[in-house]
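The exercises below ask you to work through helix geometry, burial and backbone conformation in one protein model. Each task is followed by a solution that goes step by step.

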Amino acid sequence: MKASKIALAAALVVAAGTATAAPNANRIALSAGASAIQANLTTAMQNLCTAASGVPTVFASGNFTTVVCANTAVTSGAGGTYASKPNSDFINFQGTNFAELRVNVANGSFGNIQILNGVPFTFRDPITLTQIAAPAGAVIVGGVNDVEPSTFPVATIGSLTVFPSFRVGVAQTFGVAASSALYAKMFDAQKAAGSIPASCLVTDTALSYCVPSIGRAQMATIMSDNAFNSAYSRGLAFLTNDAADEGVELRYVRRVDTSGTQASAQNYFLGLTCSRASLAVVPEPTSDDEPGGLKDALIGAIRVYAAGGTGDVRTELNRASVFALGVMSGENNQASQNWRWLRVNGASIGENAAPASAGVTNSATTKAGNYDFYFETTYSGGGAVGNAFWTRVSTALNTLAAPVGLINNTDLGSGYNKGGSTCLQSSSN
């Protein structure tokens, strides 16, 4: 570990701090990292607060989440109870030195490396309910990663120091999701081709054989940097093989280069960085080709988007009448969503393609060895303080009751796993 980098990170946070906080600043932990595990991490922190006889309060907005633990629930605003409570009314999460955790997942897993290298981040402030610099004296604890940090492409890592990573003990499933319009198109095409039974309806999302499938090779073609391949020349027709769909715009909502979900998808579909013969990934757009939304670029008949967080992917996939797809973590199971999960090479991520359906685990097929698009979560704390924090949080994550899209240490140890390495194939060890 390079102590100078940690010192720089702390100095930047101190210099940037503008807000006051009721708990002493040294009881506020700052984290950046994977968005794939954001919801389950929030639940784990709430449980650690309750276990310490505290009452948790969550302040969340998209890629920004702050969890506060106090003797009673707190309220926001300059006159709210968060601002007026004395430090003694805040309670440390069980087994930690912190009563508050502020998390920024906008840059994905690579944000963990960045924050430990002194890159400044903003966080959700319980008083203003906006994203502002952290208070002076708050403690950087690193964050969690969807893949080991060392498996990010060399160009992404650049000159940044990659700190040691350790196993959280849980694995996160990932899946390919499609907008409702694309899902219906693929359903009709595959039903006409006979790969989906004639008795199936597009609403039969709980019957896995009625759910349209995307091939691993098809997804690799969409993700690869080849503007002249069949996906980019045909657009929607590449997935439907319908002459009427030739040249119709297909949207690929990819995550940004710093995203662990993106790194996971590149590893699984393209072989980055584990394979000696990996495919190059289509670049992250850097300009707003279609004003008013995410950065995007129209390449042939595919419009590629750069999504900073998982919420950005959901927003694009929920748009009406667009043919879009993207990769998300299996914990995405929100209500009132229009998008649907696709099968990958015929295997389902979960029990229902429609999120927020009863009985969804998004992990049972992985535990049974039938679905292998998952990776084992790691953390980088940057030093003794951060590592001690995540060691305790790891225990909380491993004892969550029925988490969606998450597999705990017990299941990994007794079933299919990757042996703690991103580059290993899933097997029963």
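A polar contact is a pair of N or O atoms within 3.5 Å; within protein, one of the two must be able to donate a hydrogen and the other to accept it, and residues adjacent in sequence count only if both atoms are side-chain atoms. The model used throughout is a predicted one.

**Exercise 1.** Find where Thr-96 is located, determine whether it is buried or exposed, and list its contacts.

Solution. Begin with the chain: Thr-96 belongs to the loop between α3 (81-84) and β4 (100-104). Next take its relative accessible area, which is 11%; since buried means under 20%, Thr-96 is buried. For the polar contact, look at the side chain of Thr-96, a polar atom of which lies 2.9 Å from the backbone oxygen of Phe-93. Finally, once neighbours within four places in sequence are left aside, Thr-96 is in contact with Phe-389 and Arg-392. The C-alpha atoms of Thr-96 and Ala-388 are 7.9 Å apart in space, although 292 residues separate the two in sequence.

**Exercise 2.** Describe how α2 and α13 pack, and state which residues make the contact.

Solution. Helix α2 covers residues 38-51 and helix α13 covers residues 384-398; their axes are 9 Å apart and meet at an angle of about 100°. Angles of 65 to 115 degrees count as roughly perpendicular, and α2 and α13 are therefore roughly perpendicular to each other. On the α2 side the contact is made by Asn-40, Leu-41, Ala-44, Met-45 and Leu-48, and on the α13 side by Phe-389, Trp-390, Arg-392, Val-393, Ala-396 and Leu-397. By class, the residues of this contact divide into 9 nonpolar, 1 polar and 1 charged. The buried residues of α13 include Phe-389, Trp-390, Val-393, Ala-396 and Leu-397. The spacing can be read against helix geometry: an α-helix has 3.6 residues a turn, so residues three or four places apart point the same way.

**Exercise 3.** Check the length of α6 against the expected span, then identify its buried residues and what covers them.

Solution. Helix α6 (residues 180-192) has 13 residues, which at 1.5 Å a residue should span 18 Å, and its end C-alpha atoms are 18 Å apart, in agreement. The same check on α13, with 15 residues, gives an expected 21 Å, and its end C-alpha atoms are indeed 21 Å apart. Within α6, the buried residues are Ala-181, Leu-182, Tyr-183, Met-186, Phe-187, Ala-189 and Gln-190. Among the elements that cover them are β9 (166-178), β11 (250-255) and β14 (324-329). After α6 comes Gly-194, with a positive phi near 90°.

**Exercise 4.** Which backbone features are found at Ala-356, at Asn-362 and between Leu-272 and Thr-273?

Solution. Start from the general expectation that most residues other than glycine have a negative phi, and that most peptide bonds are trans. Ala-356, although not a glycine, has a positive phi of about 65°, and Asn-362 likewise has a positive phi, near 50°. Ala-356 is found in the loop between β16 and α12, and Asn-362 is also found in the loop between β16 and α12. Their accessibilities are then read separately: Ala-356, at 41%, counts as partly exposed, whereas Asn-362, at 0%, is buried. The remaining feature is the peptide bond from Leu-272 to Thr-273, which is cis with omega near -5°; Thr-273 lies in the loop between α10 (260-270) and β12 (295-299).

Conventions. Residues are numbered from 1 along each chain as its sequence is written. This is a predicted model: local features need pLDDT of at least 70, side-chain atom pairs count only at pLDDT 80 or more; totals for chains, interfaces and linings use all residues. Side-chain values use heavy atoms; hydrogens and water are left out. Axes are lines fitted to C-alpha atoms, for helices over the stretch in contact, and angles run from 0 to 180 degrees between N-to-C directions. Helices (H or I, at least four residues) and strands (E, at least two) are DSSP runs, numbered from the N terminus. Angles under 35 degrees count as roughly parallel, over 145 as roughly antiparallel, 65 to 115 as roughly perpendicular and the rest as oblique. Contact means heavy atoms within 4.5 Å. Ala, Val, Leu, Ile, Met, Phe, Trp, Tyr, Cys and Pro count as nonpolar, Asp, Glu, Lys and Arg as charged, and the others, Gly among them, as polar. The expected span of a helix is 1.5 Å times one less than its number of residues. Buried means under 20% relative accessible area, exposed over 50%, partly exposed in between (1.4 Å probe, protein chains only).
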